[in-house]
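Ready to learn how to read a protein model, one feature at a time? Take a look at what's shown below, and then we'll talk it through.

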Amino acid sequence: MIRFVRAFLHFWADFLIGDRPELFIGPILALVIAGLLVGAGLPGALVGSLLFGAIVLIGAFSVGLVARR
Amino acid sequence: MHSVAVVTIVSSFLASAVEFVEAVTIVLAVGVTRQWRSTLIGVAAAVAALAVLVAVFGTALAVFVPISLLRLVVGGFLVIYGLQWLTKAVLRAAGAKAKHDEAAIYAAEVAELTAEPPVAASGMDWISFTVAFKGVLLEGLEVAFIVVTFGASANLLGPAVIGAALAGVLVVAIALVVHRPLARVPENAMKFAVGVMLTGFGTFWSGEGVGIDWPGEDLAIVILLAGYLGLALAGVWIVRAFARRPGRPSLVAGAGAARP
């Protein structure tokens with residue numbers, strides 16, 4: 001049973017995170033911050049633009065990491 | 001037809017076609033090297049398992065989970081998954097990562113299967129069954145993930161399934177005709193397009209999930225898609241220029257494995 005759970009978790013970790021953890025953690029952090037900014041009353045257009053910018057930066061950072069290797 | 005339904009069908013079709021091409025390579029290698037009967041039983045078992053997964057999880061997500069929560073969680077997953085596809089496609093288009101080579105994967109698979117014990121004269125060949133089942137299930141899970149998440153978020157599970165089914169029929173039909181790995185499919189361009197779509201829709205839905213009131217409503221999706229496409233193309237150009245700097249070894253020479 002433990003082996004099955006471990007294999008199941010390993011499969012999903014590999015599926016969603018793989019060798020690029022920045023692409024998993026980054027968008028989650030960006031969404032948490034976007035939620036906080038919406039809660040603070042910032043306009044949707046501004047928060048939406050910031051979310052888009054953050055996701056572009058995360059992607060660019062990840063591409064940069066691989067390209068530098 | 002509603003434009004979001006069309007985009008859902010196209011996204012599902014392209015993503016599924018890429019994965020079906022990879023699954024067909026494995027199935028062809030097993031069938032040609034070992035035994036077609038056991039291979040096809042393995043494929044049928046995997047397809048049945050995937051159909052159950054899509055029906056159960058797709059319905060459960062659409063029926064039991066509130067749409068705002070669904071869009072937050074599933075939209076977030078789409079951004080994560082879309083970014084993975086898009087960044088890999090950018091790196092491959094720029095030559096910083098080796099492109100997926102179906103012919104090479106097929107040759108490696110055949111070599112591996114040839115080294116296995118010979119096929120029994122009669123009855124089931126469990127090696128054929130297992131390799132085909134595992135290959136189709138693993139590649140199909142990616143399809144199922146996209147179909148269920150994309151379909152459920154847009155409340156368009158039907159069009160998402162139609163897109164995937166069309167891709168499956170087309171890829172299998174071509175494979176039956178040519179009877180060899182589909183090495184000439186523009187896989188990276190398809191992954192590029194799907195990456196843009198998943199990231200764009202994922203951003204829109206997860207943004208709605210955290211409470212963003214997008215200006216222009218659905219028009220914001222078009223702007224997001226255009227923005228990601230333009231910046232991804234710029235990314236290809238920048239990485240390529242980076243590779244050409246004096247004193248920098250060729251990025252292609254240092255490219256990673258052929259598999260994603």
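What follows is a chat between a learner and a teacher about helix packing, a pocket and a few contacts in this predicted model.

Q: Let's start with helices. How do I describe two that pack together, say α1(B) and α6(B)?

A: For two packed helices, you give the angle between their axes and the distance between those axes. Here, α1(B) packs against α6(B) at about 35 degrees, and their axes are 7 Å apart. The crossing of this pair is right-handed.

Q: Which residues make that contact, and how do they divide by class?

A: On the α1(B) side, they include Ala5(B), Ser12(B), Phe13(B), Phe20(B) and Val24(B). From α6(B), you'll find Pro159(B), Gly163(B), Gly168(B) and Ala175(B) among them. By class, the contact of α1(B) with α6(B) has 15 nonpolar residues, five polar and no charged.

Q: At what angle does α1(B) pack with α4(B), and how far apart are the axes?

A: Use that pair of values again: α1(B), residues 3–33, and α4(B), residues 102–114, pack at about 35 degrees with axes 9 Å apart. α1(B) passes α4(B) in a right-handed crossing. Glu22(B), Ile26(B) and Val30(B) are among the α1(B) residues in the contact, and α4(B) brings residues including Glu102(B), Tyr106(B) and Leu113(B). This time the classes come out as 10 nonpolar, three polar and three charged.

Q: Now for empty space. How much of it lies in the second largest pocket?

A: The general idea is to roll a probe the size of a water molecule over the atoms, which shows where empty space is left. In this model, the second largest pocket holds about 770 Å³.

Q: What lines the second largest pocket?

A: Its lining has 29 residues, with Phe20(B), Val47(B), Val136(B), Gly168(B) and Val172(B) nearest the centre. You've met Phe20(B) and Gly168(B) already, in the contact of α1(B) with α6(B). Helices α1, α2, α5 and α6 of chain B each supply at least two lining residues. By class, 24 are nonpolar, three polar and two charged.

Q: How many aromatic pairs are there, and what does one look like?

A: There are eight over all chains. In one of them, Phe77(B) and Phe145(B) sit edge-to-face, 6.2 Å centre to centre with 75 degrees between the planes. This pair links distant parts of the chain, as Phe77(B) is in α3 and Phe145(B) in α5, 68 residues apart.

Q: Last one: what is Leu137(B) in contact with?

A: Leu137(B) is in helix α5 of chain B. Beyond its neighbours within four places in sequence, Leu137(B) touches Ala46(B), Ala49(B) and Leu50(B).

Key. Residues are numbered from 1 along each chain as its sequence is written. Chains are lettered from A and ligands numbered from 1 in the order in which they are written. This is a predicted model: local features need pLDDT of at least 70, side-chain atom pairs count only at pLDDT 80 or more; totals for chains, interfaces and linings use all residues. Side-chain values use heavy atoms; hydrogens and water are left out. Axes are lines fitted to C-alpha atoms, for helices over the stretch in contact, and angles run from 0 to 180 degrees between N-to-C directions. Helices (H or I, at least four residues) and strands (E, at least two) are DSSP runs, numbered from the N terminus. A crossing is left-handed if the near helix is turned anticlockwise from the far one by less than a right angle, and right-handed if clockwise. Contact means heavy atoms within 4.5 Å. Ala, Val, Leu, Ile, Met, Phe, Trp, Tyr, Cys and Pro count as nonpolar, Asp, Glu, Lys and Arg as charged, and the others, Gly among them, as polar. On a 1 Å grid over the protein atoms alone, a cavity is a set of points where a 1.4 Å probe fits but cannot get out, and a pocket is an open set with protein on both sides within 12 Å along at least five of seven lines; lining residues have an atom within 4 Å of a point. Grid points are joined across faces, edges and corners, and a volume is the space filled by probe spheres set on the points. Rings of Phe, Tyr and Trp (its six-membered ring) pair if their centres lie within 6.5 Å; planes under 30 degrees apart count as stacked, over 60 as edge-to-face and the rest as tilted.
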